[in-house]
Amino acid sequence: MPKEIAGILLVIMLALPAATEADRRLPVVQVAIVTDGTSERVNSLRALFLKEMRAVNRGEFDIQAPADLQLEADRTLIGVRSALDQVLADPRTDLVVALGVLGSHAAALRANLPKPVLAPLVSNHALQELPYKNGASGKRNLSYVSLDIDIRRDLMAFREIVPFSRLAFLLDGAITQAIPGIRNEVSRVARELGITITSVAVADSAATALSAIPKDSQAVYVGPLPGLSPDEYQQLVAGLTERRLPSFAFEGKSDVERGLLVGIAPAVQMDRLARRVALNARRILLGEKAATLPVAFARADGLMFNMRTARAI
């Protein structure tokens with residue numbers, strides 16, 4: 001065999017495995033993400049969850065996220081429901097992530113889910129009266145993660161550290177309206193503990209929230225406030241410190257680091273939560289039913305203080 005022909009055959013043989021590998025295509029999965037609104041934090045969370053989904057499913061599924069399937073609602077329950085309707089009706093959508101407190105709540109209570117939906121930001125499935133069966137959602141195409149926040153435990157721990165009888169309870173107005181179970185639980189716990197609680201619905205203004213806190217308040221419980229920008233949140237913290245009001249951080253470590261006085265839970269570890277959602281997505285794509293995936297998400301307790309704030313107040 002002439003050397004030239006042998007060389008050509010060798011080149012072809014060496015190229016065949018690469019060509020075969022290139023021709024092998026992974027199943028494409030189109031992921032739609034619905035957020036409650038828009039902010040820098042929301043953009044970071046979306047990027048984190050997509051990164052984890054791609055990492056966990058590498059080599060098995062090609063996770064794609066078309067720009068027009070990434071919808072940002074207007075921080076209202078109606079807006080979130082409309083966005084969910086849109087992505088669920090889109091024939092390209094294979095999987096939906098409801099990346100927000102409102103979105104997770106709306107998705108879990110939606111009458112019909114024609115496609116698998118992952119809802120990772122449920123505060124407490126019992127308070128929100130969400131579907132629950134044998135540790136899972138028990139609902140077709142629904143997989144959610146419940147952080148199981150315990151308001152009674154929080155207030156009891158807070159009162160042991162800072163004695164008070166009059167408390168202002170700050171919570172995002174849209175969440176308060178969409179999930180009345182939280183407000184009802186706050187009222188129930190207040191009666192049980194003999195505390196007078198004033199609920200303050202917060203939107204996007206720290207000044208408005210601060211002005212709504214009664215002057216005779218002795219302490220403040222700060223719940224999730226997704227409507228506040230980072231700058232507005234810092235203005236809120238500064239205003240509470242200026243009034244020398246002890247504050248409790250619902251979301252734990254991250255908000256204590258931002259200036260609130262005390263928290264007893266570590267920050268919601270978004271890296272862990274994103275990995276959990278990515279693993280659930282993989283299980284669904286491999287054939288498991290979303291309705292059977294566990295909803296519990298363990299968080300260890302741990303008392304933490306911001307000593308700079310403690311000295312200031």
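Start your tour by selecting Arg-275, which is partly exposed, with a relative accessible area of 37%. Keep in mind as you look around that this is a predicted model.

**Stop 1: a bridge across the chain**

With Arg-275 still selected, add Glu-52. The two side chains meet in a salt bridge, at 2.4 Å from N to O. Now trace the chain between them: Glu-52 sits in helix H2 (residues 40-56) and Arg-275 in helix H11 (residues 270-285), so the pair links distant parts of the chain, 223 residues apart. Is Glu-52 buried or partly exposed? Its relative accessibility is 10%, so Glu-52 counts as buried. The cut-off to remember is that buried means under 20% relative accessible area. In total, the structure holds 13 salt bridges, and you will visit others on this tour.

**Stop 2: a pair with Asp-255**

Next, select Arg-258 and Asp-255. Their side chains also meet in a salt bridge, here at 3.2 Å from N to O. Compare how covered each partner is: Asp-255 is buried, with a relative accessible area of 2%, while Arg-258, at 31%, counts as partly exposed.

**Stop 3: along helix H7**

Move on to helix H7, residues 180-193, and show the side chains of Arg-188 and Glu-192. They form a salt bridge of 2.9 Å, N to O. Both residues lie in H7, four residues apart, which is about one turn of the helix. A general rule helps here: an α-helix has 3.6 residues a turn, so residues three or four places apart point the same way. Glu-192 is partly exposed at 40% relative accessible area, and Arg-188 is partly exposed too, at 33%.

Now select Glu-185, which also has its place in H7. Which side chain does the side chain of Glu-185 reach in a polar contact? It is the side chain of Arg-188, at 2.9 Å. Glu-185 counts as buried because its relative accessibility is 14%. Leaving aside residues up to four places away in sequence, Glu-185 touches Leu-127 and Ile-151.

**Stop 4: helix H4 and its neighbours**

Select residues 101-109 to bring up helix H4. How many of its nine residues are buried? Eight are, which makes H4 mostly covered. Among the buried ones are Val-101, Leu-102, Gly-103 and His-105. To see what surrounds them, colour these elements: helix H3 (77-89), strand S4 (95-99), strand S5 (117-122), strand S6 (142-146) and helix H6 (173-178). The buried residues of H4 pack against each of these.

**Stop 5: the largest pocket**

For the last stop, select Arg-41, Leu-45, Pro-226, Glu-251 and Met-270. The largest pocket holds about 800 Å³ of space, and of the 38 residues that line it, these five are the closest to its centre. Next, highlight H2, H4, S5, H6, helix H9 (230-242) and helix H10 (253-257), since each supplies at least two residues of the lining. Which element gives the largest share of the lining? That is H2, with four residues. Finally, try colouring the lining by residue class: you will find 21 nonpolar, eight polar and nine charged residues.

Key:
Residues numbered from 1 in each chain as written. Predicted model: local features only at pLDDT ≥ 70, side-chain atom pairs only at ≥ 80, totals over all residues. Heavy atoms only, no water. Buried < 20%, exposed > 50% of the residue type's maximum accessible area, 1.4 Å probe, protein only. Contact = heavy atoms within 4.5 Å. Polar contact = N/O pair within 3.5 Å; in protein donor to acceptor, adjacent residues only side chain to side chain. Salt bridge = Lys/Arg side-chain N within 4 Å of Asp/Glu carboxyl O. 1 Å grid on protein atoms, 1.4 Å probe; cavity = no way out; pocket = protein on both sides within 12 Å on 5 of 7 lines; lining within 4 Å. Points joined across faces, edges and corners; volume = space filled by probe spheres on them. Nonpolar A, V, L, I, M, F, W, Y, C, P; charged D, E, K, R; others polar.
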